[in-house]
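User: I have a model open and I'd like to learn how to read its features. Can you walk me through it?

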Amino acid sequence: MHYGHDLQFGTFITPRNDPPQAAVRLAELSEASGYDLVTFQDHPYQPAFHDTQTLLTWVAARTERIHVAANVANVPLRPPAVLARAAASLDLLSGGRFDLALGAGGFWDPIAAMGGPHLTAGQAVTALGEAIDVIRGTWDVDEHARFVVDGTYHHVNGAKRGPAPAHNIPIWIGALKPRMLRLIGRKGDGWLPSYGYLQPGDLGRGNRTIDEAALAAGRDPREIRRLLNINGRFTSGRAGGAGASRGNAFDGPAEQWVEQMLALVLDEGIGTFILASDDPGTIVHFAEEVAPALREAVARELASAAASGGPDASDVSAGDGRADAAGGPIATAGQLRSTAVRSKRRDGIDYDAVPPSLAAHAIEPGDAGYSRVKSTYMRGGSPGLVLQAGTPEEVADALAFVRANPDVPFGVRSGGHGISGRSTNDGGIVLDLSRMNAMEVLDESRRLVRIEAGARWMDVAAFLSPHGWALSSGDYGGVGVGGLATAGGIGWLVREHGLTIDHVRAVELVLADGSIVRADATQHPDLFWAVRGAGANIGVATAFEFEVDEIGEIGFAQLAFDASDTAAFLQAWGDWLVDSPRDVTSALLMGGPRPGQPPIAQVMAVIDSADPDTIIARLQPLAEAAPLVGQQVSLTTYEAVISNASDQAHAGQGEPTAKSGLVGRITPEFARDTARFLESGATPFFQIRSAGGAVHDVPADATAYGHRDVEFSVSAIGSTRNRTSELWKQLMAPHMSGAYLSFETEQGREQLEAAFPPATLARLREIKRRVDPDNLFRDNANIV
């Protein structure tokens with residue numbers, strides 16, 4: 001019998017506290033030797049032992065790759081709600097390296113035990129099952145029903161859920177008795193016995209009991225990993241083998257260990273061996289001589305079975321709940337997701353066909369990390385699958401999977417900020433590039449850098465700053481490189497240095513058919529033209545080469561004005577900005593009316609100068625436009641200005657409305673209607689940003705961003721309740737001479753034609769027909 005689990009190895013170390021670092025050093029040795037897991041017994045009543053939860057935290061902080069777990073956590077001494085939060089916290093802090101193994105223990109509270117000093121076997125099973133319900137319920141942050149566990153021994157009534165761990169923490173159970181084994185089949189993710197306590201036939205009987213209980217509960221027995229604590233000594237001569245004393249069943253040379261363990265893998269389904277030893281030599285010897293040889297032997301036997309037509313590991317018999325091992329079943333990678341996770345899958349997605357290259361970074365609705373990837377900065381989402389690619393080849397694999405699931409929504413995400421909301425969906429597939437965030441200098445003399453699409457602009461600024469460089473890149477550091485650098489990029493240096501796309505010298509693209517290409521002025525020039533302004537329709541941009549600017553200290557002004565005469569102030573601000581030298585870039589922010597208070601205009605401006613007198617001289621004309629009610633002007637760096645985002649996961653809600661338009665100089669008519677739009681309460685967030693200056697220097701047909709003659713980008717955020725879209729169309733749209741799609745939530749022919757001049761749109765349609773004839777990239781301002 002083989003359950004299809006990949007083979008893993010761990011160590012079982014005594015948590016002695018004298019000397020204090022002894023167990024920690026053995027854990028570090030385990031990681032250096034290539035083990036997958038390090039575990040410690042949990043006996044906090046032993047004065048010679050460290051507290052295991054504290055030790056696990058310390059070991060996780062001192063290691064980088066290896067997983068950590070108790071072996072096993074003493075549930076009577078670890079209240080399950082507290083244990084759940086401790087486990088999730090350590091999993092988050094370690095980057096998903098905590099696993100949870102539980103044991104019934106022998107220290108149940110006499111009151112909880114209904115007056116007796118110990119629970120009966122049946123009562124202990126009930127208590128442990130309730131503890132698992134509390135732990136899983138605590139982690140399930142996407143469940144919005146009231147959290148209630150009305151148990152005999154554990155009670156929860158309306159407690160808050162969370163935090164969610166970084167990965168699907170498995171719950172392994174150390175047990176031997178039939179009732180506990182049936183609990184594993186119903187609720188556990190793994191069985192963890194110790195070989196020294198087993199009698200001949202116990203593994204087979206235990207597996208049958210677990211598998212029958214799993215099938216009866218509607219689960220697949222392959223969800224349950226079979227782990228085994230083992231110990232022994234390496235000797236030069238062959239010992240008694242499988243019939244030897246169970247206390248040291250693996251005495252003998254390494255090859256004898258391999259033979260015995262191979263039978264346990266193939267016949268008993270063991271997927272994880274945990275070596276109980278505090279001897280550094282034994283730990284190293286096992287890692288060097290046993291683990292690799294066993295991996296090779298298992299792979300060889302399973303390949304032979306597959307070649308001979310033996311049954312697959314998925315052939316689970318309803319009669320005994322096991323895979324038939326007579327011919328040697330075929331292993332499958334990893335481990336099945338639990339029934340609870342699979343029950344939350346969405347219709348139309350072939351989850352079983354997720355490419356192996358992406359399986360480890362595929363997040364489903366039932367997974368622990370789902371709450372952190374389902375939504376964007378503003379829009380709430382519930383995708384059916386999020387694929388987090390780490391290389392262009394993995395992006396190509398993801399696109400092949402999307403092509404094989406043509407009837408589900410598909411979005412591409414770099415940073416997840418996107419105001420348009422197109423990088424999440426309901427029930428579809430999202431390709432997330434956040435793992436692709438590398439940055440490097442290609443040519444210092446040319447200030448040429450390579451930035452991957454999943455990086456955020458605040459991280460880019462931090463990378464460039466030590467060189468004295470910067471790149472105009474929006475006004476919010478949490479935006480991803482890919483979304484901005486394929487749409488335009490209207491940032492704090494735009495009037496002096498142009499759009500972000502004007503600094504792109506090459507782009508690495510994965511096309512709809514999976515082709516990986518490099519586009520620049522000479523290679524695929526048509527794609528290079530299209531991706532700078534309409535990239536979301538053309539392919540998945542995975543990396544960019546930018547020629548950046550030398551930027552030293554800058555002035556940054558944050559000014560607040562009494563804009564009671566809103567129209568007059570808007571026109572004064574617009575005239576000041578257009579008439580200023582190009583080293584000035586500014587944005588204006590206003591909201592809806594506030595009862596009993598004057599309207600306030602918040603103005604932010606960057607002046608590319610390190611001279612305080614120059615900074616003040618640039619601002620002085622604006623300061624006279626209206627009464628100042630607040631001001632802060634500082635000499636700072638571009639990095640400091642753009643480092644205005646947090647690392648928190650996006651948690652957008654609902655479906656906000658965002659409208660976008662481009663205008664020339666602010667006319668009295670535009671200012672008048674803008675004041676009316678604001679007074680109507682249509683928007684709590686209204687912004688006008690510089691979009692001229694150096695942008696004018698690039699010919700209109702040089703990139704797919706064709707509106708090079710405008711001065712300002714105008715945007716408003718609201719909702720249907722605010723009648724935002726309706727009033728925008730009535731009051732604002734007549735003044736617009738284009739649109740910037742990054743700030744537009746509505747889709748359709750009208751929005752598309754506003755974003756691209758007729759000749760630009762015609763050329764884009766021809767390119768789209770050629771590189772994406774099936775319209776794979778469609779959840780965007782779709783060019784068809």
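User: For contacts between residues at least 6 apart in sequence, what share joins residues at least 24 apart?

Analyst: Keep in mind that this is a predicted model. A contact here means heavy atoms within 4.5 Å. In the protein chain, 72% of the contacts between residues at least 6 apart in sequence join residues at least 24 apart. The chain holds 22 helices and 29 strands.

User: What part of the chain is buried?

Analyst: Buried means under 20% relative accessible area. Of the 784 residues in the protein chain, 55% are buried. As for what is left outside, the chain exposes about 30900 Å², and carbon and sulfur atoms supply 51% of that.

User: Let's zoom in on one strand. Why is β27 largely enclosed by the rest of the structure?

Analyst: Strand β27 covers residues 657-663, and 7 of its 7 residues are buried, so the rest of the structure largely encloses it.

User: How do I read the two faces of a strand?

Analyst: In a regular strand, side chains alternate between the two faces of the sheet. In β27, T657, K659, G661 and V663 are on one side, with A658, S660 and L662 on the other, and all of them are buried, so to speak of cover, both faces have it.

User: Which strand pairs with β27, and is the sense parallel or antiparallel?

Analyst: β27 pairs with β29 (residues 712-718) in the antiparallel sense, over 7 bridges. To find the pairing on screen, look for V663, which stands opposite F712 in β29.

Notes
Residues numbered from 1 in each chain as written. Predicted model: local features only at pLDDT ≥ 70, side-chain atom pairs only at ≥ 80, totals over all residues. Heavy atoms only, no water. Helix = DSSP H or I, 4+ residues; strand = E, 2+ residues; numbered from the N terminus. Buried < 20%, exposed > 50% of the residue type's maximum accessible area, 1.4 Å probe, protein only. Areas by Shrake-Rupley, 256 points an atom, 1.4 Å probe, with all protein chains shown as cover. Pairing = 2+ DSSP bridges.
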